[in-house]
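Welcome to the tour. Please open your viewer and keep the selection panel at hand; we will go from the whole chain down to single residues.

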Amino acid sequence: MAISVRTLLGVAALWVTASAAQAQTLTLDSALQTAFANNPDLAAAQWEIDIAAGGRQQAGLIPNPVASWDAEDTRRDTRTTTLKLSQTLELGGKRGARIDVATRARTPPHWAWNSVATCCAPRLSTAITAPCVLRSA
């Protein structure tokens, strides 16, 4: 039964990986950090927060100017060409109202993130500490 160098190197790599994995200790804080970083529900809630922040930023901007070009008639002698440049002027507090609405829309995503986070942390800490409690009993 001949052992190849490739097999020997594979076994050595597995042994090094296993010993490195055993050397790492898992604390509750590091487990919570990892869970929060890899939780898809928290990621989705964070995206909603970012979307609301972008909506608030967009609401505070003035509308872009609009340039347009019109050509009437296809004959060269009677053709009329018009170039237009327009800018929307918001009156009556429209912009302020739009900013207020966008600011209020930022609160519910924060509630969703907090809700997911408060559900995740106790479950994880219970899952980590339960085996330790059972072992000590």
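How much area does the protein chain expose, and what share of it do carbon and sulfur atoms supply? The chain exposes about 11300 Å², and carbon and sulfur atoms account for 62% of that area.

**Stop 1: the whole chain**

Before zooming in, please note that this is a predicted model. Colour the chain by pLDDT: the mean is 75, and 66% of the residues reach 70 or more. Two elements mark the ends of the range. Helix α1, residues 5–23, has the lowest mean pLDDT of the elements, at 55, while β2 has the highest, at 93.

Now switch to a cartoon view. You should find 5 helices and 2 strands, and reading along the sequence gives the pattern α-α-α-β-β-α-α. If you colour by accessibility instead, 12% of the 137 residues count as buried. A contact map is also worth a look: among contacts between residues at least 6 apart in sequence, 64% join residues at least 24 apart.

**Stop 2: the loop between the strands**

Select β1 (66–72) and β2 (80–86), then look in the loop between them for D73. What is the phi of D73? Its value is positive, about 75 degrees, although D73 is not a glycine. For background, most residues other than glycine have a negative phi. D73 counts as partly exposed because its relative accessibility is 32%, which falls between the 20% and 50% cut-offs.

**Stop 3: helices α3 and α4**

Next, select residues 40–59 for helix α3 and residues 94–104 for helix α4. Their axes come within 8 Å and cross at roughly 170 degrees. Because of that angle, α3 runs roughly antiparallel to α4.

Show side chains where the two helices meet. From α3, pick G55, R56 and A59; from α4, pick R95, R98, I99, A102 and T103. Sorted by class, this contact has 3 nonpolar, 2 polar and 3 charged residues.

**Stop 4: I99 and R98**

Stay in helix α4 and centre the view on I99. Is I99 buried or exposed? I99 counts as buried, because its relative accessibility is 18% and the cut-off for buried is under 20%. Leaving aside residues up to four places away in sequence, I99 touches R56, A59 and G60. Try a distance label from I99 to G60: their C-alpha atoms are separated by 5.9 Å, with their positions 39 residues apart along the chain.

Then move to R98, also in helix α4. R98 is partly exposed, with a relative accessible area of 29%. Which residues does R98 touch, not counting those up to four places away in sequence? They are A59, L61 and E90. For another distance label, use R98 and R56: the two are 42 residues apart in sequence and 8.7 Å apart in space, C-alpha to C-alpha.

**Stop 5: helix α5**

Finally, select residues 107–136, which form helix α5, and find T107 there. T107 counts as partly exposed, at 33% relative accessibility. Draw one last C-alpha to C-alpha distance, from T107 to I49: the label should read 8.4 Å, for residues 58 apart in sequence.

Terms used
Residues are numbered from 1 along each chain as its sequence is written. This is a predicted model: local features need pLDDT of at least 70, side-chain atom pairs count only at pLDDT 80 or more; totals for chains, interfaces and linings use all residues. Side-chain values use heavy atoms; hydrogens and water are left out. Axes are lines fitted to C-alpha atoms, for helices over the stretch in contact, and angles run from 0 to 180 degrees between N-to-C directions. Helices (H or I, at least four residues) and strands (E, at least two) are DSSP runs, numbered from the N terminus. Angles under 35 degrees count as roughly parallel, over 145 as roughly antiparallel, 65 to 115 as roughly perpendicular and the rest as oblique. Contact means heavy atoms within 4.5 Å. Ala, Val, Leu, Ile, Met, Phe, Trp, Tyr, Cys and Pro count as nonpolar, Asp, Glu, Lys and Arg as charged, and the others, Gly among them, as polar. Buried means under 20% relative accessible area, exposed over 50%, partly exposed in between (1.4 Å probe, protein chains only). Accessible areas come from the Shrake-Rupley method with a 1.4 Å probe; for residues, only the protein chains shown count as cover. pLDDT is the predictor's confidence in each residue, from 0 to 100.
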